[in-house]
Amino acid sequence: MAYYNKLVRDKIPELLEQAGKKGTFRILGNQEFESELKKKLSEGVKEYREAKSEIDAAEELAELFEILIALTKVHELTLRELDEIRQEKARKQGRFHERLFLIKVED
């Protein structure tokens, strides 16, 4: 028997059953769900940073995107609202297209 104690995707019970295994699950409350999503976000960033190939990196980016979608819902935002916030920040501070790396600022 293996213990995981982590947030999993919705189809994991079905996939376990198809593999002839049985999982024990519980439904998380709002605060715990947000906390577990934040853990997943940290794990996903770590896995993205450690990706060994472009395919692995793309899969980790997709996982991060799924986590961001879930967090957007936790904060009662639509993806459109999140994108509007992103665009406003880009309008005020720019994007990352120029690849600028700040070394120092002198007074």
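This passage describes two pockets of a predicted model and the setting of one residue, isoleucine 85. Local features require a pLDDT of at least 70 and side-chain atom pairs count only at pLDDT 80 or more, whereas totals for chains, interfaces and linings use all residues. Residues are numbered from 1 along each chain as its sequence is written, and side-chain values use heavy atoms, with hydrogens and water left out.

The largest pocket (on a 1 Å grid over the protein atoms alone, an open set of points where a 1.4 Å probe fits, with protein on both sides within 12 Å along at least five of seven lines) holds about 1600 Å³ of space, the volume being that filled by probe spheres set on the points, which are joined across faces, edges and corners. Its lining (residues with an atom within 4 Å of a point) comprises 37 residues, of which Lys6, Leu7, Val8, Arg9 and Phe25 are the closest to the centre. Two or more lining residues come from each of helix H1 (12-18), helix H2 (30-49) and helix H3 (54-74), helices being DSSP runs of H or I with at least four residues, numbered from the N terminus. By class, the lining of the largest pocket divides into 17 nonpolar, four polar and 16 charged residues, where Ala, Val, Leu, Ile, Met, Phe, Trp, Tyr, Cys and Pro count as nonpolar, Asp, Glu, Lys and Arg as charged, and the others, Gly among them, as polar.

The second largest pocket, with about 220 Å³ of space, is lined by Ile85, Arg86, Lys89, Ala90, Gln93, Gly94, Arg95 and Phe96. Isoleucine 85 lies in helix H4 (residues 79-93) and is partly exposed, with a relative accessible area of 49%, a class set between buried (under 20%) and exposed (over 50%) with a 1.4 Å probe and protein chains only.
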